[in-house]
Amino acid sequence: MTAEKAFRNDGYAKVSGRAAYADDFSVAGMLHMVPVYAEYVSAKNLRVHTEAALASPGCVRVITAKDVPGRTHFGQIEKDYPIIAVDRVRSYGDVCALVLAETRDQALAAAALVRVEAEPLKPVLTVEEALNPYAPVVPGYGDTNIVVEHKLRKGDPDAAFAGCELILEEEFHTQTIEQAYLEPEAALCVPRHDGVIEVYGSMQHPFSTRRFSAALLGEPLSNIEVYTIAVGGGFGGKDDTAACVCARAALGARLTGRPVKMTYDRAWSFRESYKRHPYTLKYKVGVTSEGRVMAVKATMYADSGAYLSVSPWVTWRSTAQCFGPYSVDNVHADVYAVATNNIFNGAMRGFGAPQVNFAVESLMDMIAAELKIHPLGLRRINMVKQDSLTVTGQKLDKHVVSMEEVMNRVVHDIGYRKKYEQCSFGKAEGDELYGIGLAISYRGASLGAEGMDFCSCILNGQYDGSLLLETGIHENGQGSESAMILILAEALGCDQKRIRYRRPSTSNVPDSGTTVATRGTIMGGSAVMAAVAEFKALLSAHLAERLRCKPDEVNFHDDKIWGLNYEYSLSWEEAMRELYLQRVTPYAFGSFKAPDVSWDDTNGQGDAYFTFVYSCQAVELSVEKKTGKVKLLNIVAAHDIGKAINRAMLLGQIYGGITQAVGMALMEDFKLEEGKPVAHNFDGYILPRSTDLPPMTGIIVENHDPASLTGAKGIGEPAIELLAPAIANAVYNATGIRAKSLPIKLNPEDLA
Amino acid sequence: MNTLTINGADYEPSDEELGLTLMRYLREKRFLRGTKNGCEQGLCGTCTVVVDGKPLRSCRSSVEKNLGKSIITIEGMEYPDGSLHPIQRAFLDSGAVQCGFCTPGMVMSSYALLLREPAPDREAIRKALRGNLCRCTGYQQIVDAVELASRIMREQDLPVEAGCLAHDR
């Protein structure tokens, strides 16, 4: 597919090498900070000896927990994550000291001289061990390793199973996955003359970074100013740990009075940063002979690792979306997050959905095979339609439910029906087995009932006709700033060249939450529209007289501001000059609050999300009998994202999400041995490369969403959450082998 | 010969600098920070520069080893007037840029490819970029970009050589 011209406000900087990421900044007098790891997986009575390090050439200071003026521990939900460990070590990623020196080499040399002692404890390394009632309790804040428990109760599955033709009981496993952003964590913190610490960090949540930093310093939020700079990818992974890196550098800057840079290498990043939760998923599904799913019982265990992070939210999404985009009357789900001494797990693009979708979309094909019903037909019978009830009892009547439309688009484009008939199903003359597979999903947009969901926008018109725009949404590389500029230009009918996205600062735009959950476009775009409404009202009131019309007759298009019947118009330069002469500030603040959602903890019922994105992805592949190697041949994806804002970037999100899902399906596996990461770099942790991907086609379905002020929803996470089961289904259709754990590994012996 | 040519200009590294990796020298001594450090072990390709027409992982090669050679970094790709090289332009127009951290290395690997093979097919482009990881884009629009750049340079008869070498422009 030929790419259409893309718009990016940071494009020139990024292709010319000018874009500055955290490690690209230098300030005169800057110190370098490096972490010292506690080197235990679980231990108590931690003692840190710093004398030798301090005597090392160039070493300026060694910071340990006793130097912390504020909280040593923090977190997004539970304040259990050690920014600097004290007494107790709970994971191999725990940092117990920070070494500051004049150069990075000196800091590294001094850090090697910090001596750490502790009394090792028996670590808890698997969910099974953690669930044993006699297991050591890992968390410091509770008395059990079961740190999260969500339940969903709808109807009576046990009674419904009795009337079912087919009952399937299956168990699935998914692996630990590293977000693997190409830029490791880094921060530069600069103490300012007025007492503020400025933070330039590689992080995806400036407000979270500010909270971590202020907590460690024991200072008010207003003392920390976090700026947005170029970030080399995040994918959910640059929150807690990246915020900690910034907070540590901020502490170093506060304690020494000098600028401090802390840059992570890949091994530290792999060791310390949180990953995607591995899941064990157990399903019991009851189906009638016609293929109607009557009852579902699901039990899931997510390994939370040593710290809680956002495990409650990740597993909540798994609960609310526990049986894919299907309407089922009788569903019980129990979803647990369990603490172990493994490296902790937190947010990653997809956030509790890719694991569930792997199980559910595999199950749908397994049911179809058992009942000898076409997999597409089985999905059609059970999928949500207009006004359907979801498993949480939510009626889908406030937006276009396009699940079937989206699936049809993919089926038609790839020629699914015909190609399905051509699958090898384990039998082929030659050395190659062929298969096609598909999966569908729906994804609750934005946070839903998981958290407070609102966003703000500032429009600051300048007296020469240029405009400054800022929102609470953060540019992680996905192109959010460009999308906001395009939304504003369209809404004001002005040339996008008038608009500059102001470099956001936590001291300027109000805290608008995290740029996660595919909420950038829907929440940020809606905030822009809210500000535009204020801005237009202000301009109309003050320009109507010049335009010889009433304020409500003023309109904005073709880069001008117009009165009635195109008789009078003002250029933006003239309009802004007019406001100046009237002593009016062309400034507007807009805020968008997400539509109401609801959730009842006791039964997992409620309107979980204010809207949904509908998706379907299909894949063709071949399997080499001799080696079991899977070769992808073709991928087609369709997503109903409401409205396209920046088409080329939208397609880029689809292709990128698909590629991460290819990694999940076939390659990536962040293994821990005795709680320690096996991989330290990209030779041990394998990512998809350019030669691993087939041609991809992205189909954009646009049913404008009434809940979004632009009509647009989002694409980040829908793109990653369903290709792994599509690949598993294609592998089955090729080989007759059903993969129930990820990544998929095929034994050549089984293919003979 | 104790000289290193970087983007057309000659430098004489000090004895101390000779032992540095080329990546560190470029980033820390020459402040050419478009060359990125993603893994420091030659695995991710973000530090790729072009040395005597061939792609090189600058994190795995010392300054000393590159004496007497001509190095092009991402900063050397644009023309002296600040206009972009067709490869850079094509990356923009094709939507090949998201976070941008892989972009300099991708542009440099693409440049080395097009120097060697002005009209590569998509398979050849994918092979040439195999050493460069990208976690954002899924590579498709990057392949589109290299194809587009190749087509535009051939159609408009533009030189492949880096902008910093085009003194007559």
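Which domains does the domain assignment of chain B give? The assignment yields domain 1 (4-76) and domain 2 (86-165), with bounds taken from an automatic or database domain assignment. The model is predicted: local features need pLDDT of at least 70, side-chain atom pairs count only at pLDDT 80 or more, and totals for chains, interfaces and linings use all residues. Residues are numbered from 1 along each chain as its sequence is written, while chains are lettered from A and ligands numbered from 1 in the order in which they are written.

**View 1. Domain 1 and domain 2 of chain B.** The centres of these domains, taken over C-alpha atoms, are 20 Å apart. Their contact involves 19 residues of domain 1 of chain B and 17 residues of domain 2 of chain B; two residues are in contact if their C-beta atoms, placed from the backbone, lie within 7 Å.

**View 2. The side of domain 1 of chain B that touches domain 2 of chain B.** At least two residues of this side come from each of β3 (48-51) and β4 (54-57) of chain B. Strands are DSSP runs (E, at least two residues), numbered from the N terminus. The most is given by β3(B), with 3 residues. By class, the side has 7 nonpolar, 10 polar and 2 charged residues. Ala, Val, Leu, Ile, Met, Phe, Trp, Tyr, Cys and Pro count as nonpolar, Asp, Glu, Lys and Arg as charged, and the others, Gly among them, as polar.

**View 3. Domain 1 and domain 2 of chain A.** The assignment of chain A gives domain 1 (22-121 + 185-263), domain 2 (275-448 + 601-751) and domain 3 (454-593). Between the C-alpha centres of domain 1 and domain 2 of chain A lie 37 Å. Contact joins 17 residues of domain 1 of chain A to 19 residues of domain 2 of chain A. The domain 1 side of this contact comprises 5 nonpolar, 7 polar and 5 charged residues.

Terms used:
Helix = DSSP H or I, 4+ residues; strand = E, 2+ residues; numbered from the N terminus.
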